[in-house]
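Trainee: Could you take one part of this model and go through it closely with me? I'd like to hear what surrounds it as well.

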Amino acid sequence: MNIPERRRIRLTIHYDGRAFHGWQVQPDQRTVQGELEVVLAKLTNGPCPVIGSGRTDRGVHATGQVAATDVPGRWTAPALRRAMNALVPDDVWIADAAEAPPYFHPRYDATTRSYVYRVGLAAEADSPFRSPWCWPLVRPVDLLAMERATERILGEHSFKAFAKAGQEERGDRCTVTEARWAPWEGIGLEFHISANRFLHHMVRYLTGTLVDIGLGQRPPEVMDALLANEPGLETSSPAPPEGLFLTGVAYPPDAGTKPPRRRGPQLVP
(Lines give C-alpha, C1' and ligand atoms only; values in the text may rest on other atoms or scores of the structure.)
Protein backbone atom coordinates (compact mmCIF):
# COMPACT_ATOMS: atom_id res chain seq x y z
CA MET A 1 0.00 0.00 0.00
CA ASN A 2 1.45 3.35 -1.04
CA ILE A 3 1.26 6.04 1.62
CA PRO A 4 1.04 9.59 0.19
CA GLU A 5 3.57 12.15 1.28
CA ARG A 6 0.80 14.38 2.64
CA ARG A 7 -2.96 14.23 3.06
CA ARG A 8 -5.44 17.09 3.07
CA ILE A 9 -7.91 16.51 5.91
CA ARG A 10 -11.28 18.20 6.19
CA LEU A 11 -12.36 18.81 9.80
CA THR A 12 -15.82 19.58 11.19
CA ILE A 13 -15.44 21.40 14.48
CA HIS A 14 -17.61 22.29 17.46
CA TYR A 15 -16.57 24.96 19.92
CA ASP A 16 -17.95 26.98 22.80
CA GLY A 17 -16.92 30.50 21.86
CA ARG A 18 -17.14 32.12 25.29
CA ALA A 19 -13.45 31.90 26.13
CA PHE A 20 -12.16 32.56 22.61
CA HIS A 21 -11.26 35.82 20.94
CA GLY A 22 -12.87 34.49 17.76
CA TRP A 23 -11.69 31.95 15.21
CA GLN A 24 -8.71 33.65 13.58
CA VAL A 25 -5.22 33.62 15.07
CA GLN A 26 -4.40 36.91 16.82
CA PRO A 27 -1.28 37.91 18.76
CA ASP A 28 -1.54 37.30 22.51
CA GLN A 29 -5.18 36.17 22.24
CA ARG A 30 -6.75 32.75 22.63
CA THR A 31 -8.43 31.71 19.37
CA VAL A 32 -9.87 28.49 17.97
CA GLN A 33 -7.52 28.44 14.99
CA GLY A 34 -4.60 29.02 17.32
CA GLU A 35 -5.53 26.11 19.60
CA LEU A 36 -5.90 23.76 16.64
CA GLU A 37 -2.56 24.74 15.17
CA VAL A 38 -0.80 24.18 18.51
CA VAL A 39 -2.26 20.67 18.73
CA LEU A 40 -1.43 19.82 15.12
CA ALA A 41 2.13 21.08 15.51
CA LYS A 42 2.59 18.61 18.39
CA LEU A 43 1.16 15.74 16.36
CA THR A 44 3.08 16.45 13.16
CA ASN A 45 6.32 17.74 14.70
CA GLY A 46 6.21 21.04 12.83
CA PRO A 47 4.08 23.97 11.69
CA CYS A 48 0.67 22.81 10.45
CA PRO A 49 -1.59 25.68 9.31
CA VAL A 50 -5.36 25.36 9.52
CA ILE A 51 -7.70 27.22 7.14
CA GLY A 52 -11.34 27.70 8.18
CA SER A 53 -14.48 28.26 6.15
CA GLY A 54 -14.71 31.74 7.64
CA ARG A 55 -14.18 33.72 10.80
CA THR A 56 -16.46 33.71 13.79
CA ASP A 57 -16.32 36.65 16.17
CA ARG A 58 -15.40 36.71 19.82
CA GLY A 59 -17.97 34.78 21.87
CA VAL A 60 -19.66 33.12 18.87
CA HIS A 61 -20.08 29.33 18.92
CA ALA A 62 -19.97 26.66 16.23
CA THR A 63 -21.44 23.21 15.69
CA GLY A 64 -20.51 23.07 12.02
CA GLN A 65 -17.31 25.00 11.38
CA VAL A 66 -15.30 23.42 8.55
CA ALA A 67 -11.54 23.62 8.29
CA ALA A 68 -8.75 21.90 6.40
CA THR A 69 -5.14 21.07 7.08
CA ASP A 70 -2.35 19.19 5.34
CA VAL A 71 -0.69 16.50 7.43
CA PRO A 72 2.00 13.88 6.82
CA GLY A 73 0.65 10.88 4.91
CA ARG A 74 1.02 8.53 7.87
CA TRP A 75 -1.99 10.25 9.46
CA THR A 76 -5.35 8.87 8.36
CA ALA A 77 -8.41 11.00 9.02
CA PRO A 78 -9.85 8.75 11.78
CA ALA A 79 -6.49 8.55 13.55
CA LEU A 80 -6.02 12.32 13.35
CA ARG A 81 -9.47 12.95 14.79
CA ARG A 82 -8.82 10.65 17.76
CA ALA A 83 -5.43 12.21 18.43
CA MET A 84 -6.71 15.78 18.16
CA ASN A 85 -9.65 15.12 20.48
CA ALA A 86 -7.23 13.76 23.06
CA LEU A 87 -5.29 17.05 23.04
CA VAL A 88 -7.71 19.90 22.27
CA PRO A 89 -9.13 21.85 25.23
CA ASP A 90 -12.53 20.96 26.66
CA ASP A 91 -14.33 23.73 24.78
CA VAL A 92 -13.33 22.32 21.37
CA TRP A 93 -14.37 19.02 19.77
CA ILE A 94 -13.52 17.55 16.38
CA ALA A 95 -16.86 16.13 15.29
CA ASP A 96 -15.60 14.63 12.04
CA ALA A 97 -12.47 14.23 9.96
CA ALA A 98 -12.31 13.03 6.36
CA GLU A 99 -9.67 12.97 3.67
CA ALA A 100 -10.36 15.78 1.19
CA PRO A 101 -9.42 16.22 -2.48
CA PRO A 102 -6.03 17.89 -3.02
CA TYR A 103 -7.39 21.32 -3.94
CA PHE A 104 -10.17 21.53 -1.36
CA HIS A 105 -10.38 24.98 0.21
CA PRO A 106 -12.93 25.38 3.03
CA ARG A 107 -13.48 29.07 2.39
CA TYR A 108 -13.40 29.50 -1.38
CA ASP A 109 -15.21 26.24 -2.21
CA ALA A 110 -18.15 26.92 0.12
CA THR A 111 -21.49 27.65 -1.49
CA THR A 112 -23.68 28.16 1.58
CA ARG A 113 -23.10 28.99 5.21
CA SER A 114 -25.78 28.53 7.87
CA TYR A 115 -26.26 30.11 11.28
CA VAL A 116 -28.76 29.79 14.11
CA TYR A 117 -29.39 32.52 16.67
CA ARG A 118 -31.21 31.62 19.91
CA VAL A 119 -33.39 34.13 21.72
CA GLY A 120 -34.63 33.08 25.18
CA LEU A 121 -38.12 34.31 26.02
CA ALA A 122 -39.06 32.15 29.03
CA ALA A 123 -37.64 32.63 32.53
CA GLU A 124 -35.55 29.46 32.06
CA ALA A 125 -33.38 31.37 29.61
CA ASP A 126 -31.76 33.04 32.63
CA SER A 127 -30.57 29.68 33.95
CA PRO A 128 -26.77 29.31 34.06
CA PHE A 129 -27.29 26.21 31.94
CA ARG A 130 -29.01 28.25 29.21
CA SER A 131 -27.91 31.90 29.33
CA PRO A 132 -24.31 31.34 28.13
CA TRP A 133 -25.62 30.03 24.81
CA CYS A 134 -28.53 32.37 24.04
CA TRP A 135 -29.75 35.93 24.34
CA PRO A 136 -31.83 35.77 27.56
CA LEU A 137 -34.33 38.43 26.51
CA VAL A 138 -37.08 37.04 28.79
CA ARG A 139 -39.75 39.27 27.25
CA PRO A 140 -42.69 38.48 24.96
CA VAL A 141 -42.34 39.36 21.28
CA ASP A 142 -44.72 39.73 18.34
CA LEU A 143 -43.62 36.76 16.25
CA LEU A 144 -45.92 37.66 13.34
CA ALA A 145 -44.28 41.08 12.99
CA MET A 146 -40.83 39.48 13.11
CA GLU A 147 -41.81 36.96 10.44
CA ARG A 148 -43.13 39.73 8.18
CA ALA A 149 -39.82 41.52 8.44
CA THR A 150 -37.80 38.32 8.03
CA GLU A 151 -39.47 37.51 4.70
CA ARG A 152 -37.94 40.70 3.28
CA ILE A 153 -34.42 39.38 3.85
CA LEU A 154 -34.74 36.50 1.37
CA GLY A 155 -32.98 36.86 -1.99
CA GLU A 156 -30.07 39.03 -3.08
CA HIS A 157 -29.71 42.39 -1.34
CA SER A 158 -27.16 44.89 -0.20
CA PHE A 159 -26.59 44.25 3.50
CA LYS A 160 -24.32 47.26 3.94
CA ALA A 161 -26.55 48.61 6.72
CA PHE A 162 -26.10 45.34 8.62
CA ALA A 163 -22.30 45.20 8.45
CA LYS A 164 -19.71 46.55 10.83
CA ALA A 165 -17.96 49.57 9.36
CA GLY A 166 -14.86 49.05 7.26
CA GLN A 167 -16.00 46.26 4.94
CA GLU A 168 -16.35 48.25 1.71
CA GLU A 169 -13.54 46.42 -0.09
CA ARG A 170 -15.38 43.10 0.24
CA GLY A 171 -18.62 44.27 -1.34
CA ASP A 172 -21.95 44.19 0.47
CA ARG A 173 -24.28 42.01 -1.61
CA CYS A 174 -25.34 38.62 -0.23
CA THR A 175 -27.91 36.07 -1.37
CA VAL A 176 -30.01 34.73 1.50
CA THR A 177 -31.60 31.36 0.74
CA GLU A 178 -33.20 30.72 4.13
CA ALA A 179 -34.46 33.10 6.82
CA ARG A 180 -37.05 31.88 9.31
CA TRP A 181 -37.98 31.66 12.97
CA ALA A 182 -38.62 28.35 14.74
CA PRO A 183 -39.46 27.31 18.32
CA TRP A 184 -36.52 26.60 20.62
CA GLU A 185 -37.30 23.83 23.13
CA GLY A 186 -40.17 25.73 24.72
CA ILE A 187 -37.69 28.36 25.94
CA GLY A 188 -37.77 30.81 23.07
CA LEU A 189 -37.08 31.17 19.36
CA GLU A 190 -34.34 30.26 16.92
CA PHE A 191 -33.52 32.43 13.93
CA HIS A 192 -32.28 30.21 11.08
CA ILE A 193 -30.43 31.92 8.23
CA SER A 194 -28.39 30.61 5.28
CA ALA A 195 -26.61 32.60 2.59
CA ASN A 196 -23.78 32.38 0.10
CA ARG A 197 -21.76 34.74 2.32
CA PHE A 198 -22.14 36.95 5.38
CA LEU A 199 -20.71 40.34 6.24
CA HIS A 200 -19.02 41.11 9.55
CA HIS A 201 -21.63 41.02 12.38
CA MET A 202 -24.42 40.71 9.77
CA VAL A 203 -26.44 38.02 11.57
CA ARG A 204 -26.19 39.84 14.89
CA TYR A 205 -27.35 43.16 13.39
CA LEU A 206 -30.22 41.40 11.63
CA THR A 207 -31.26 39.64 14.82
CA GLY A 208 -31.08 42.79 16.91
CA THR A 209 -33.26 44.64 14.43
CA LEU A 210 -35.77 41.79 14.12
CA VAL A 211 -36.08 41.52 17.90
CA ASP A 212 -36.73 45.27 18.16
CA ILE A 213 -39.49 44.79 15.60
CA GLY A 214 -40.88 41.97 17.74
CA LEU A 215 -40.82 44.25 20.78
CA GLY A 216 -42.84 46.86 18.91
CA GLN A 217 -39.99 49.37 18.85
CA ARG A 218 -39.76 49.40 15.03
CA PRO A 219 -42.24 48.54 12.25
CA PRO A 220 -41.63 45.51 9.98
CA GLU A 221 -41.39 47.84 6.98
CA VAL A 222 -38.14 49.32 8.32
CA MET A 223 -36.39 46.26 6.91
CA ASP A 224 -37.14 47.43 3.35
CA ALA A 225 -35.66 50.84 4.07
CA LEU A 226 -32.54 49.37 5.66
CA LEU A 227 -31.97 47.02 2.73
CA ALA A 228 -32.33 50.03 0.43
CA ASN A 229 -29.65 51.86 2.44
CA GLU A 230 -31.89 54.89 2.99
CA PRO A 231 -29.79 57.80 4.30
CA GLY A 232 -29.90 58.52 8.01
CA LEU A 233 -31.43 55.16 8.93
CA GLU A 234 -29.53 52.75 11.17
CA THR A 235 -30.03 49.19 12.30
CA SER A 236 -30.71 48.33 15.90
CA SER A 237 -27.81 47.37 18.14
CA PRO A 238 -26.36 43.96 17.34
CA ALA A 239 -27.63 40.99 19.31
CA PRO A 240 -25.04 39.67 21.79
CA PRO A 241 -22.61 37.07 20.42
CA GLU A 242 -23.53 34.36 22.93
CA GLY A 243 -26.69 33.37 21.06
CA LEU A 244 -25.03 32.81 17.67
CA PHE A 245 -23.95 29.42 16.28
CA LEU A 246 -22.30 28.59 12.96
CA THR A 247 -24.19 25.37 12.23
CA GLY A 248 -23.05 24.28 8.79
CA VAL A 249 -21.13 24.94 5.58
CA ALA A 250 -22.16 23.37 2.26
CA TYR A 251 -19.93 22.44 -0.66
CA PRO A 252 -20.51 21.10 -4.18
CA PRO A 253 -19.80 17.37 -4.64
CA ASP A 254 -16.67 18.03 -6.71
CA ALA A 255 -15.18 20.63 -4.36
CA GLY A 256 -11.41 20.49 -4.42
CA THR A 257 -11.02 18.11 -7.34
CA LYS A 258 -9.78 20.75 -9.79
CA PRO A 259 -7.03 23.37 -9.48
CA PRO A 260 -8.42 26.69 -8.21
CA ARG A 261 -8.94 29.62 -10.53
CA ARG A 262 -7.87 32.04 -7.82
CA ARG A 263 -5.29 31.80 -5.11
CA GLY A 264 -6.23 31.75 -1.44
CA PRO A 265 -4.23 31.21 1.75
CA GLN A 266 -2.11 28.10 1.37
CA LEU A 267 -2.30 25.19 3.77
CA VAL A 268 1.28 24.00 3.38
CA PRO A 269 3.83 26.38 5.00
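Mentor: Let's go through one helix and then follow its surroundings outwards.

Keep in mind that this is a predicted model. The part I'd pick is helix H1, residues 32-44. Start with its length: at 1.5 Å a residue, the 13 residues of H1 should span 18 Å, and the C-alpha atoms at its ends are 18 Å apart, so expectation and model agree.

Now look at which side of H1 faces inwards. Val32, Gln33, Leu36, Val39, Leu40, Leu43 and Thr44 are buried. Around the axis they take up an arc of only 130°, which means they sit on the same side of H1. As for what they pack against, the buried residues of H1 meet strands S1, S2, S3 and S4 as well as helix H2. Here H2 is residues 77-87 and S4 is residues 92-99.

Glu35 is another residue of H1. Glu35 counts as partly exposed because its relative accessibility is 21%, and buried would need a value under 20%. Setting aside neighbours within four places in sequence, Glu35 is in contact with Phe20, Arg30 and Pro89. There's also Val25, ten residues away along the chain from Glu35, with 8.8 Å between the two C-alpha atoms.

Past the end of the helix comes Asn45, in the loop between H1 and S2. Asn45 has a positive phi, near 60°, and is not a glycine. With 67% relative accessibility, Asn45 counts as exposed. If you want another residue of that kind, go to Asn229, whose phi is positive too, about 55°, although Asn229 is not a glycine. Asn229 is in the loop between helix H5 (222-227) and S10. Its relative accessible area is 32%, so Asn229 is partly exposed.

Back to the strands that H1 packs on. S3, residues 61-72, is the one I'd spend time with: eleven of its twelve residues are buried. S1 (residues 6-15) runs antiparallel to S3, and nine bridges join the two. Among these pairings, Arg6 has Pro72 in S3 as its bridge partner. S2 (residues 50-52) is also antiparallel to S3, with three bridges between them. There you can find Ile51, whose bridge partner in S3 is Ala68. Then there's S10 (residues 244-250), which runs parallel to S3 and is joined to it by two bridges. On that side, His61 stands opposite Phe245 in S10. One thing to remember as you look along any of these: in a regular strand the side chains alternate between the two faces of the sheet.

H1 also leads you into the core. Leu36, buried in H1, is one of three residues, with Ile153 and Phe159, that touch the most other members of the largest nonpolar core, a set of 71 residues. Helix H4, residues 202-214, gives the most to this core, with seven residues. That sits well with a broad tendency: in soluble globular proteins, nonpolar side chains tend to be buried together. For a feel of the packing, take Ile153: leaving out neighbours within four places in sequence, its contacts include Phe159, Val176, Phe191, Leu206 and Met223.

For another helix to set beside H1, try H3, residues 143-151, where Ala145, Met146, Ala149 and Thr150 are buried. These cover an arc of only 135° around the axis, so they are on the same side of H3. Their cover includes strands S8 (173-184) and S9 (188-195), along with H4 and H5. The face turned away from that buried side carries the exposed residues Leu144 and Glu151.

Just ahead of that helix, Pro140 is in the loop between strand S6 (135-136) and H3. Pro140 counts as exposed, at 73% relative accessibility. Its C-alpha is 6.3 Å from that of Leu121, a residue 19 places apart from Pro140 in sequence.

Last, a word on the cysteines. Cys134 counts as buried because its relative accessibility is 1%, and Cys174 is buried too, with a relative accessible area of 0%. The disulfide count for the model is zero, taking a disulfide as a pair of cysteine sulfur atoms within 2.5 Å.

Note on methods: Residues numbered from 1 in each chain as written. Predicted model: local features only at pLDDT ≥ 70, side-chain atom pairs only at ≥ 80, totals over all residues. Heavy atoms only, no water. Buried < 20%, exposed > 50% of the residue type's maximum accessible area, 1.4 Å probe, protein only. Helix = DSSP H or I, 4+ residues; strand = E, 2+ residues; numbered from the N terminus. Pairing = 2+ DSSP bridges. Core = buried A, V, L, I, M, F, W, Y, C linked by side-chain atoms within 4.5 Å. Contact = heavy atoms within 4.5 Å. Expected span 1.5 Å × (residues − 1). Arc of directions from axis to C-beta.
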